[in-house]
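Let's take a walk through this model together, strand by strand and then chain by chain. Keep the structure open beside you as you read.

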Amino acid sequence: MFEHRPQTDKEVVELLSGIHEQGILLRCGGHASSRGVSPGKTQAILNLSDMNKITRLDPNDLTCGVQAGVLLEDLEEALAPHGLAFESGPFLGHRSIGGILGEAPPASRSFDRGRLRSQLIGILGVDGRGRRFHAGGQVVKNVAGYDLCKLFVGSGGAYFVGLEFQLRLVALPARIGLLQSEPLGLDDGIIQWRELRNTLPTPRALDLVLEGSHCHIEVLLGGSAAYVESQIRHTGFKVKLEGMDAWKGVRGREAIANKESSPPNLFRGHCPPSQLSDWIGQTPIHGRIHYQGAFEWDRLPGGERPMGAIVHPTQREGEQVQGNPPSDPGACRIAMELKRTFAGGLMPQRLSFLTRISRKGAPQEIHP
Amino acid sequence: MSLNFEQKVIKILGQDRAFWDPATKLCYSLDGYPVQKHTPRAVAMPETNKEVQALVRLCLEEGVPILPRGAGTCLSGGATPPKTPCLLIEMARMQKILSWSPEDRTAIVQSGMVNLDLSVIVGKKGLYYAPDPSSQKASTIGGNLAENAGGPHCFKYGMTADHILGVRFVDGRGEMVVADLEDGPDLVGLFTGSEGTFGVATEVKVRLSKSPEMVRTFLASFSSMEAACGTVSRIVREGIVPAALEILDHLTIEAVEASVFAAGYPKDAEAVLLIELDGPRDEVEADSPKVVKILKEEHPLAVESTTDAEQRQSLWKGRKGAFGAMGRLKPNIFVLDGVVPTSKLASVLSKVAEIGKKYNIVLSNVFHAGDGNLHPNLSFDGRDPSETRRAMEAGLEILELCVMSGGSISGEHGIGYEKREAMRYMFDEADLSAFRELRRCFDPRGVCNPGKFFPTGGGCKEGRSAKSSEGLDV
């Protein structure tokens, strides 16, 4: 299998125009925790790690432009002198921005406006047939044109290649603190976590960390010193980390997965917080539940899945990733049209269930 | 006996919810964009998802364009009927809250629900729906979704897209689609801001926010627009994230103070700046002295601030009523919403004023300064064709200026009829082609809100077809 390492968008266009019938695997840094870049049956690799320039940094407008292969740690280093940061995360520093946006793994700070989809304000893309296009722009508020940025985030490159991204930045809070509770029983932990969701005004992260039969709560606070102090008193938790260490400190299963030679099973999904306790029961899960109910677990509870809970089979030992299929037949049909329209030979294993569906035809078969 | 189109609409809805009398059709012939006006073929008022689906399928069979409509407050012509007579689907009768969970802070509402009504209902549990376009007393959640509406408080809280978790819609094939943000590709994000060109939204799942513990509003007046804009840049750069940063210029102040919306703004000021801090008490109290310090260093004419709800409302009264007050300047107003980087606000505004002079158009500014979202208001008399043409030309030149300055042609009003030609300032043919292909994935026959969004001239296939017939966007 040949690996292409283009250095310009023109090279990417030429490459994809010429070989769009083949299976092209997209790789930015190769650190995806969902095996979005596993070779599978692809015939060529498009490696964007040489496209690693920060093309623009405008501290006054809190925006920047980066190529897909820029590593998060390099971006963070460039932002630090200006007191700025990337709001979503935390993600491992050696991951590329293209990979992070493409995979959009759940993370402690990635909720509400901190979601990755809210950080990407503009994109330069090339689809699987070598067609180059822009969407969005360089300003934080912009509704001109269809929002192809949203289609890219979390797609795993299933539709098109993102070559350059315009990002929204945030100013780092004056004080940042990561608090941690004492170990708690599962029931107590869930009750406390739900209560803190209601009483903490604006946490930057609020994770329930599951450790089998026990758990603990982690809270990331950011703001004025007075505000952080008052919230430390409110929770009664100990300060575990401060400053940038705290900002980068709440890492999810991704960190564990990357440290271990044999990654554990990883189930990602979302459950309405009000229904979590009934679902989890006493299942000895290892993993995290983030503020808005996104979770990363090593196993799923055996009981009935609550209404509104969604599980993505992103990674299981020995299984090939199939992507992130929507459960609604209508949504699936549109996802299939999008794949047909844009993907060409790009990332054939991503959303490959759609190909199977198109052969079978009937909407009922759409459910994987 | 075969039924004609109107009889088929009656068969779906009954006599009392289908209209084609001239008076009703005239009422629906335009939205908040005063330049374009077309009457629909008929107006339908469905009450259920199935009725909406049946109407869309009927239109597909008959080749009739579809225009979904909320409250018609759109400022870009997005809710103005296309030239080819369409079936206007009025969503006003689908305005229920279907379910909501205070703990999960989510609600599922019908798309015709009025924005502010939702906040009133969930307010009893200390929650609210954050997107607050100026039209929020009238505009609907579905309309806000279609345009990705903004508002004064989206500087801190984000646009409508940041608060939509799911959408149920009937697409351009007449199929019911349920898109959920947590489930599969982000079709929710694609649909939001698609201006009714992908289908008709019937239900929307929204994120609710906790009401802030404390709110402090500052009103500062300045002897120059540069000083007001400079203050905004410094606040943003300091890392303070106010809920709102709004500027009114001298002409707007004059119009407001002469109107029923008079708020006591100093008439000698060249600009007034409203700054609103909200959030936890400790946070607001920590940020307030920082704001005061920056304000002092920018030498304002006067500063006042309050946390009292009534007094805050009084400070906001002039800003909220500004567009109404513009009626004192000329009979019609054309509200632009171009965006520029905040660091370029002052220089761009100076050039905007020059464009106003060049075209001899009364031009005032009231805008969301925090995110650089300008609102140059071009006042004109629609009965005077020359003045109307000059207003349109000035508008296009201002939008081009915004793009040349690194910004966008639209921050919150959408493209609609108004800015379809200006799309070329931002996007080349390849970009537009990608947009057209994307649209076909939702609406292959181009029946949903045709004639908008895409430019009409210069080599664009859709444009040529739209220009010749302005029928379906195929």
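A good place to begin is in chain A, where β7(A) and β8(A) pair in the antiparallel sense over five bridges. Please keep in mind throughout that this is a predicted model. Within that pairing, A:Leu124 has A:His134 in β8(A) as its bridge partner. The two strands form a hairpin with four residues between them, and there A:Gly130 adopts a positive phi near 80°.

β7(A) has a second partner to look at. Over seven bridges, β7(A) also pairs with strand β9 (residues 160-168) of chain A, again in the antiparallel sense. Here A:Gly122 is matched with A:Gln166 in β9(A). How much of β7 (residues 120-127) of chain A is buried? Eight of its eight residues are, so to speak, under cover: the strand is mostly covered.

Stepping back to chain A as a whole, you will find 12 helices and 19 strands. Of the 368 residues in chain A, 55% are buried. Among its contacts with a separation of 6 or more, 69% link residues 24 or more positions apart.

From here we can move to the place where the chains meet. The contact draws 56 residues from chain A and 65 residues from chain B. On the chain A side, the elements that each give two or more residues are α4 (116-119), β8 (132-136), α5 (148-152), α7 (225-235) and α11 (329-342). The largest share, eight residues, is supplied by α11(A). Sorted by character, the chain A side comprises 24 nonpolar, 20 polar and 12 charged residues. Notice that β8(A), the hairpin partner of β7(A), is one of the elements on this side.

Now cross over to chain B. Its domain assignment lists domain 1 (5-90), domain 2 (97-210), domain 3 (214-321), domain 4 (329-404) and domain 5 (429-468). Taken over C-alpha atoms, the centres of domain 2 and domain 4 of chain B are 29 Å apart.

Let's look at an open sheet of four strands in chain B, with the order β1-β2-β4-β3 and mixed pairing. Why do β1 (18-19) and β3 (66-69) of chain B each have one side without a neighbour in the sheet? Both stand at the edges with a single partner strand, so one side of each is left open in that way. β1(B) runs antiparallel to strand β2 (residues 42-44) of chain B, joined to it by two bridges, and B:Phe19 has B:Val43 as its bridge partner in β2(B). Helix α1 (residues 5-13) of chain B packs on the sheet, touching β1 and β2 of chain B, and its direction makes about 10° with that of β2(B). Helix α3 (residues 49-62) of chain B lies across β2, β3 and β4 (87-90) of chain B, at about 170° to β4(B).

Another open sheet in chain B has five strands in the order β5-β6-β10-β8-β9, with antiparallel pairing. Its edge strands, β5 (97-101) and β9 (176-180) of chain B, each pair on one side only. From one strand to the next, the twist averages 15°. Four bridges join β5(B) to the antiparallel strand β6 (residues 106-110) of chain B, with B:Ser99 opposite B:Ile108.

Finally, the largest nonpolar core contains 239 residues, and those with the most contacts inside it include B:Ile66, B:Leu87 and B:Cys402. Leaving aside residues up to four places away in sequence, B:Cys402 touches several residues, among them B:Val339, B:Leu374 and B:Ile409.

Notes: Residues numbered from 1 in each chain as written. Chains lettered and ligands numbered in written order. Predicted model: local features only at pLDDT ≥ 70, side-chain atom pairs only at ≥ 80, totals over all residues. Contact = placed C-beta atoms within 7 Å. Nonpolar A, V, L, I, M, F, W, Y, C, P; charged D, E, K, R; others polar. Pairing = 2+ DSSP bridges. Axes fitted to C-alpha atoms, helices over the stretch in contact; angles between N-to-C directions. Core = buried A, V, L, I, M, F, W, Y, C linked by C-beta atoms within 7 Å. Buried ≥ 20, exposed ≤ 12 C-beta atoms within 10 Å, placed from the backbone. Domains from an automatic or database assignment.
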